[in-house]
Amino acid sequence: MAQQRSYSLEAVVLKRSDFGEADRVLTLFTPNKGKIRVVAKGIRRLASKKAGHLELLCHTRLQMAQGRNLDIITQAQSIATFPALRNESEIWHMTCAFYLAELVDRFIEDDTPHPNVYRLLLETLHALDADALATKQQRAGGEPEDALHTRTRLLLCSFEIHLLTYAGYEPGFRACAHCNAELQPVENGFAATLGGALCPNCSRLWSRSLSLNALKVLRILHRSDWSYVPRLRLSAELLGEIEAVMHALLRYHLEHDLKSWSFLETLNHRP
Ligand SMILES: [Zn+2]
């Protein structure tokens, strides 16, 4: 029998689906290989020692064996399991964590290394885990529910800005995305289709408005690692405006990509 080649790997588990009687196919995000799919054999059996180390979003060290189609996990040892994100009482934070995994899965293509995105995902998961723990304590101290989530909502915006940047869709918050004039400290505009903020002249034609405060916060998030973002006091309205900008950008780039993919498919399948 030919000897199977084995190797070790560090990864975050992005996605899982059941396969065969007791197996699972996992989508892993790794620092050097990017996004890959592998098989975890027997993992759904009760006695599986690997199961606890291969939960969704676990940061894990793996021993792998080369398989005929997909490579096979032979050993797993978790590095971080983010316990506060698995606590049923902080279900909102858990949902946020799944959202991060979903975004990485949608924006990052298979088998392409993205060490920046890998680092970003891990740092954000650690920050989210710490937030979930802090939230639990603050709630016990009687802080109102909506105030509890402000910092975490901003953390998601920070993740989105950096993910877009690393994926090649850096949003423009310094110069007008249409005429390239430097943006002034006034109310500007914003158009997702142009990838960023617009000066008042250009925004008259085709954009929604962008308040000066929202622009300032977006710039802070853009230029800083999350650990350097100061604790900002934001009104619900301002936070909503910032989230709307980021969601419009994400939606535009995802749909745009999907269209170009299906267009390329059409070309490929032409006789
Ligand atoms: Zn302009």
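1. Helix α5, residues 212–223, has twelve residues, and the distance from its first C-alpha to its last is 17 Å, close to the 16 Å expected at 1.5 Å a residue. The model is a predicted one.

2. The buried residues in α5 include Ala214, Leu215, Val217, Leu218 and Leu221. They lie on the same side of α5, because the arc they cover around the axis is only 165 degrees. As background, residues three or four places apart point the same way, because an α-helix has 3.6 residues a turn.

3. Helix α1, residues 91–107, also agrees with its expected length: 17 residues at 1.5 Å a residue should span 24 Å, and the end C-alpha atoms are 24 Å apart. Its buried residues are His93, Met94, Cys96, Ala97, Leu100, Leu103, Val104 and Phe107.

4. How do the axes of α1 and α2 cross, and within what distance do they come? Helix α2 covers residues 115–140; the two axes come within 10 Å and cross at roughly 175 degrees. The pair is therefore roughly antiparallel, since the cut-off for that class is over 145 degrees.

5. On the α1 side, the residues that meet α2 are His93, Cys96, Ala97, Leu100 and Val104. Their counterparts in α2 are Val117, Leu121, Thr124, Leu125, Leu128, Asp131 and Ala132. His93, Cys96, Ala97, Leu100 and Val104 are also among the buried residues of α1.

6. Strand β4, residues 59–65, has alternating side chains. Thr60, Leu62 and Met64 point to one face and are buried. His59, Arg61, Gln63 and Ala65 point to the other face and are not buried.

7. Strand β1, residues 6–19, runs antiparallel to β4 and is joined to β4 by seven bridges. Within this pairing, Leu62 of β4, which is buried, stands opposite Leu9.

8. Strand β5, residues 71–80, also pairs with β4 in the antiparallel sense, over seven bridges. Five residues lie between β4 and β5, and the two strands form a hairpin. Which residue of β5 is the bridge partner of Met64? That partner is Ile73; Met64 itself is one of the buried residues of β4.

9. Is Ala244, in helix α6 (residues 236–268), buried, exposed or partly exposed? Ala244 is partly exposed, because 15 other C-beta atoms lie within 10 Å, whereas a buried residue needs 20 or more and an exposed one has 12 or fewer. The C-alpha atom of Ala244 is separated by 19 Å from that of Arg223, and the two residues are 21 residues apart along the chain.

Terms used: Residues numbered from 1 in each chain as written. Predicted model: local features only at pLDDT ≥ 70, side-chain atom pairs only at ≥ 80, totals over all residues. Helix = DSSP H or I, 4+ residues; strand = E, 2+ residues; numbered from the N terminus. Expected span 1.5 Å × (residues − 1). Arc of directions from axis to C-beta. Pairing = 2+ DSSP bridges. Axes fitted to C-alpha atoms, helices over the stretch in contact; angles between N-to-C directions. Parallel < 35°, antiparallel > 145°, perpendicular 65-115°, else oblique. Contact = placed C-beta atoms within 7 Å.
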